[in-house]
Every structure is written in C-alpha cells, then in structure tokens.
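Colleague: I've got a protein model open and I'm not sure how to read it. Could you walk me through a few features?

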Amino acid sequence: MKWERRAYNISVKMADSVETCRCVEPGIVSELQGSLSGFFSQYGFECYPFKVSWYNKKVDSSYHLAYHDDTVAFCIVSTPQMFDKAFKPFIANVTKIGIRDPIDECVASYFKQAKESLPACDPPHDIDIIYDYELHPNKKPKLLVQTAGHVSGAAYYYQRCDIQEDPWPKEKRIFGISMHPKYGGWFAFRGALIFKKLQCPTLPESEPARILTTDAEIIDLLEKLNNNWQDNAYRDVIPPIERYSEEQQVYFNTAPKDRAKLLGLEKDSEGKLQLAESRDMGQ
C-alpha cells in the first residue's frame with residue numbers, strides 16, 4: 001500500500017505537546033477501511049469510517065470525543081456470523097480470560113489483532129480503542145455507539161424526533177434504536193478505533209440507509225422496542241437476511257452473571273474467568 005502519494009505530514013498542537021499527524025485524501029481512508037475489513041470480515045465484523053467532527057456535532061458537549069475534528073475513526077459492528085466465526089473459536093482456545101463479560105474479552109482480542117494486522121506507515125498508526133461498554137468516572141458512556149453508527153453510515157438511528165406526528169405523551173420516555181439495512185436489529189455495535197494521528201479534511205460524509213420512512217413504520221419499531229424488547233420483535237421490523245442462531249439467542253438471553261457457567265468457565269481467586277475442571281475440552 002502506497003501511503004505517500006496522497007498524504008502529507010502536519011504538526012498539530014495537542015495540549016502542551018506538538019503531534020505529527022498524517023493528513024490524507026479519502027482514497028487512503030478507503031484503503032485503510034479495506035485493510036480493516038479484510039481482517040474483520042472473516043470473523044463476522046464490519047467497519048465504517050467517520051470523522052470525529054461528524055460525531056461531535058450530534059452529541060452534547062459532555063460526550064465530545066477529545067480529538068481534532070478531522071481525526072479518522074472507524075465504527076465496528078458485529079453481525080450474526082460473529083458468534084460462530086469469532087466468539088466460539090475464542091472460547092474454545094482459551095483456558096483463562098479477564099474479568100469482563102466473555103463477549104467483551106473476545107471483542108478486545110480481535111480489536112487488538114486488527115491493529116496488529118495493519119500495514120506500516122509513517123508516522124506509525126496511533127490508535128485509541130473505545131469499547132461500547134466503557135464509562136467515564138462520572139458513569140457517562142465514553143462513546144454513544146448508536147450515534148457513531150449513524151454518522152458512519154453503518155445503521156440508521158431511529159428516534160422519536162424522526163416522527164412528524166408524535167403519538168406519545170410528552171413526559172413519556174421513548175428509547176431509539178439503530179437498525180442495520182441487512183440485519184435489521186440482529187447486530188451490535190462493539191466500539192470504535194480512533195486513529196489519533198490520521199486526519200482527512202475532505203472525507204465525504206456517509207448517510208445511513210433509511211429503510212423506514214413513514215411515521216407508521218417508525219412508530220411500530222419504537223413501540224415494539226419500548227413495550228416489549230425482550231420478545232425481539234423489533235429486530236424484524238426491517239426483514240433481515242440473517243438472524244442470530246438459536247444457540248446465540250440462548251446465550252444473549254442468559255443473564256450476564258450466568259453466561260460464564262453456560263460456557264463452562266468459572267472465576268478464580270482473582271475474579272478472572274478460567275476453564276472449569278468439569279469442562280470437556282473436546283467439545
């Protein structure tokens with residue numbers, strides 16, 4: 001990959017230091033997306049680029065990402081294939097993992113591998129990872145993943161504000177939901193990769209596919225989500241090409257505290273998950 005022809009270095013003052021950043025044309029971002037997709041797709045993930053400014057414009061200042069406006073980031077999505085292609089092989093090949101949910105440990109492992117799979121460039125990539133579950137000390141999310149997914153073009157974030165004739169009382173809280181154009185609600189946002197030293201001022205904004213266009217369609221989606229999300233009916237409002245397998249649904253419908261036992265894992269004296277003595281390694 002020839003990074004030099006459509007890129008140049010710039011110096012950016014960050015706090016009390018000066019950072020050398022790579023300023024690139026959109027074609028370089030497309031090539032980078034191709035490299036990331038080449039890795040992630042084999043494990044059931046998708047990646048979508050966005051600029052920090054696109055995200056920051058959509059959220060309250062208390063949720064802003066503290067990077068230059070033109071900084072390039074990628075929103076990472078898991079599809080229904082992730083369970084078989086990434087999670088089950090990960091669990092089958094570990095004897096001990098960290099203290100987080102097994103899915104989170106799995107995702108972290110593949111994010112790390114994705115970083116290591118990228119081609120070298122000058123200056124080297126400096127990548128921050130923000131996972132979907134991460135919180136600031138004040139308990140606010142570090143990343144509003146549905147907003148990141150919307151601005152990156154991964155999935156349209158349907159909200160109450162999309163409806164012209166609002167049918168609900170003003171005081172009633174109505175949660176929004178993102179819907180993937182291919183998988184409906186059968187997917188998940190897993191976080192973002194922030195390329196701290198990569199900027200693309202001319203990156204064209206991505207519009208997510210808006211499959212639901214009428215008030216009736218969006219109201220139906222939000223009613224299903226807010227009134228009975230447990231039955232998963234909201235996930236099928238946009239007909240998916242693939243759903244979570246029965247095995248996958250059993251796992252995600254199991255309370256988080258009981259999932260390790262379902263996998264044959266138990267906590268050690270440090271609270272880390274390890275292979276239970278009774279688990280059959282041949283399974």
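Modeller: Sure, let's go through the overall build, the pocket and the aromatic rings. Keep in mind that this is a predicted model.

Colleague: How many helices and strands are there in the protein chain?

Modeller: You'll find 8 helices and 11 strands. The chain has 283 residues, and 48% of them count as buried. Also, among contacts with a separation of 6 or more, 70% come from residues 24 or more positions apart.

Colleague: Next, pockets. How do I find empty space in a model?

Modeller: The general idea is to roll a probe the size of a water molecule over the atoms, which shows where space is left empty. Here, the largest pocket holds about 1,300 Å³ of space.

Colleague: Which residues lie nearest the centre of the largest pocket?

Modeller: Look for V145, Q146, I177, A188 and Y234, out of 41 lining residues. Helices α4 (102-117), α5 (145-151) and α7 (246-253) each give at least two residues to that lining, and so do strands β8 (177-179) and β9 (188-199).

Colleague: And what is the lining like by class?

Modeller: It has 21 nonpolar residues, plus 10 polar and 10 charged ones.

Colleague: Now the rings. What do I look at in a pair?

Modeller: You describe a pair of aromatic rings by how far apart the centres are and by the angle of the planes. This structure has 18 aromatic pairs. Take F45 and Y110: their ring centres are 6.2 Å apart and their planes meet at 45°, so we call the pair tilted. F45 is in strand β3 (residues 45-51) and Y110 is in helix α4, 65 residues apart, so the pair links distant parts of the chain.

Colleague: Are those two rings buried or exposed?

Modeller: F45 is buried, because its relative accessibility is 3%. Y110 is buried as well, at 7%.

Colleague: Can you show me another pair?

Modeller: Try Y244 and F252, with ring centres 5.6 Å apart and planes at 35°, so that pair is tilted. Y244 counts as buried at 9% relative accessibility, while F252, at 22%, counts as partly exposed.

Colleague: Which residues do ring pairs link into a cluster?

Modeller: That cluster is made of F39, F40, Y43, F45, Y110, F111, Y131 and Y133.

Colleague: Where does a charged group sit over a ring?

Modeller: Check W186: the charged end of R235 sits over its ring, 5.0 Å from the centre. You can also look at Y63, where K140 lies over the face at 4.9 Å from the ring centre.

Terms used. Residues are numbered from 1 along each chain as its sequence is written. This is a predicted model: local features need pLDDT of at least 70, side-chain atom pairs count only at pLDDT 80 or more; totals for chains, interfaces and linings use all residues. Side-chain values use heavy atoms; hydrogens and water are left out. On a 1 Å grid over the protein atoms alone, a cavity is a set of points where a 1.4 Å probe fits but cannot get out, and a pocket is an open set with protein on both sides within 12 Å along at least five of seven lines; lining residues have an atom within 4 Å of a point. Grid points are joined across faces, edges and corners, and a volume is the space filled by probe spheres set on the points. Helices (H or I, at least four residues) and strands (E, at least two) are DSSP runs, numbered from the N terminus. Ala, Val, Leu, Ile, Met, Phe, Trp, Tyr, Cys and Pro count as nonpolar, Asp, Glu, Lys and Arg as charged, and the others, Gly among them, as polar. Rings of Phe, Tyr and Trp (its six-membered ring) pair if their centres lie within 6.5 Å; planes under 30 degrees apart count as stacked, over 60 as edge-to-face and the rest as tilted. Buried means under 20% relative accessible area, exposed over 50%, partly exposed in between (1.4 Å probe, protein chains only). A charge sits over a ring if NZ of Lys or CZ of Arg is within 6 Å of the ring centre and within 35 degrees of the ring normal. Contact means heavy atoms within 4.5 Å.
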